[in-house]
Amino acid sequence: MNAKFRTLISKEEIPFHSNGDVVIIKDSFTEIFLIRTTKGFVAIDSGFHDSNIRKGLVYNNIQPEDVKAVFITHSDIDHQNAAEVFTKAQFYFPEKELEMIENKIPRFSYLPFIKNSVRLKYYSTVNDNDSLWIDNLKVNCISLPGHTLGSMGYIINGKYLFSGDAFKIKNGKIAVPNLKLFVMDLNEMRKSIDKVCKLNGVQCIFTSHSGFTTDFSFAISK
């Protein structure tokens with residue numbers, strides 16, 4: 001696997017790069033990622049709009065049943081609402097995020113009536129430092145709380161970090177978002193960033209809302 005990718009921008013359908021190791025499907029305000037295995041694909045999150053995700057799959061010549069596993073980064077609806085698209089996939093969900101849901105902790109302190117829920121019918125839970133093999137891909141789970149209490153990142157084959165909403169990329173560097181209304185614990189988010197800065201071997205970072213970088217060293221530099 002190398003650092004070349006292709007993407008579908010849902011409205012314009014403009015391809016961006018063209019290798020196919022990682023397929024990026026833009027779903028209105030978020031992005032999901034599909035990483036090619038020897039026998040199919042692994043997805044990071046499922047997205048929100050079924051129609052956008054299906055269009056992205058068609059554009060990239062991928063059948064929904066080709067996706068063997070979906071790793072959910074956290075429980076916000078834009079990351080798991082379109083789960084039913086992937087009919088044959090095994091879903092993985094962060095254990096710590098489930099604890100937040102079961103304890104009915106409000107998603108927003110200023111909107112205490114809004115609480116996240118698991119929108120998946122069947123799933124297995126994962127924890128920090130768990131490792132799983134999906135065909136030729138090794139998926140390492142890394143806890144990155146802050147945006148939500150149980151947010152999880154996933155490192156593929158030691159090289160590609162899929163961080164969900166754990167932080168943003170701005171001018172090529174990872175940072176806390178300017179708009180902090182969606183951050184449940186800013187201090188935990190800063191700790192998560194420090195944790196990422198200490199990783200070895202990672203080459204690329206993919207975020208769900210602020211693009212990706214293929215220059216990890218620059219992204220973590222001060």
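Five salt bridges are present in this structure, which is a predicted model. Three of these pairs are set out below, each with the separation of its closest N and O atoms.

| Basic residue | Acidic residue | Closest N and O atoms |
|---|---|---|
| Lys68 | Asp135 | 2.8 Å |
| Arg107 | Asp76 | 2.7 Å |
| Lys96 | Glu99 | 3.8 Å |

The salt bridge between Lys68 and Asp135 links distant parts of the chain, since Lys68 belongs to strand 5 (residues 67-71) while Asp135 sits in the loop between strand 8 (131-134) and strand 9 (137-143), 67 residues apart. Both partners are partly exposed: the relative accessible area is 32% for Lys68 and 27% for Asp135.

The salt bridge of Arg107 with Asp76 has its closest N and O atoms 2.7 Å apart. Arg107 is found in the loop between helix 2 (95-102) and strand 7 (124-126), and Asp76 in the loop between strand 5 and strand 6 (90-94), so this pair ties together parts of the chain that are 31 residues apart in sequence. Arg107 counts as buried, with a relative accessibility of 2%, and Asp76 is likewise buried, with a relative accessible area of 10%; both values fall below the 20% under which a residue is called buried.

Lys96 and Glu99 form a salt bridge within helix 2, where the two residues are three places apart, about one turn of the helix. An α-helix has 3.6 residues a turn, so residues three or four places apart point the same way. The closest N and O atoms of Lys96 and Glu99 are 3.8 Å apart, a value that falls within the 4 Å cut-off for a salt bridge. Lys96 is partly exposed at 47% relative accessibility, and Glu99 is also partly exposed, with a relative accessible area of 33%.

The surroundings of Arg107 and Asp76 also involve Asn116, which is placed in the loop between helix 2 and strand 7 and is buried, with a relative accessible area of 14%. The side chain of Asn116 makes a polar contact of 2.9 Å with that of Ser75, and another polar contact of 2.9 Å joins the side chains of Asn116 and Asp76. When neighbours within four places in sequence are left aside, Asn116 is in contact with Ser75, Asp76, Met100, Ile101 and Arg107; both members of the salt bridge between Arg107 and Asp76 are therefore among the contacts of Asn116, if contact is taken as heavy atoms within 4.5 Å.

Helix 1 (residues 50-59) offers another view of burial, with Asn52, Ile53, Gly56 and Leu57 buried. Seen down the axis of helix 1, these buried residues fall within an arc of 135°, so they line one face of the helix. Just after helix 1, Asn61 adopts a positive phi of about 55°.

For the fold as a whole, the protein chain contains four helices and 15 strands. Its radius of gyration is 16 Å, which agrees with the value near 17 Å for a compact globule with 222 residues, and the C-alpha trace spans about 40 × 40 × 35 Å along its principal axes. Of the 222 residues, 50% count as buried. Among contacts with a separation of 6 or more, 57% are made by residues 24 or more positions apart. The protein chain exposes about 10500 Å², and carbon and sulfur atoms supply 50% of this area.

Key
Residues numbered from 1 in each chain as written. Predicted model: local features only at pLDDT ≥ 70, side-chain atom pairs only at ≥ 80, totals over all residues. Heavy atoms only, no water. Salt bridge = Lys/Arg side-chain N within 4 Å of Asp/Glu carboxyl O. Buried < 20%, exposed > 50% of the residue type's maximum accessible area, 1.4 Å probe, protein only. Arc of directions from axis to C-beta. Polar contact = N/O pair within 3.5 Å; in protein donor to acceptor, adjacent residues only side chain to side chain. Rg over C-alpha atoms; globule rule 2.2 N^0.38 Å. Areas by Shrake-Rupley, 256 points an atom, 1.4 Å probe, with all protein chains shown as cover.
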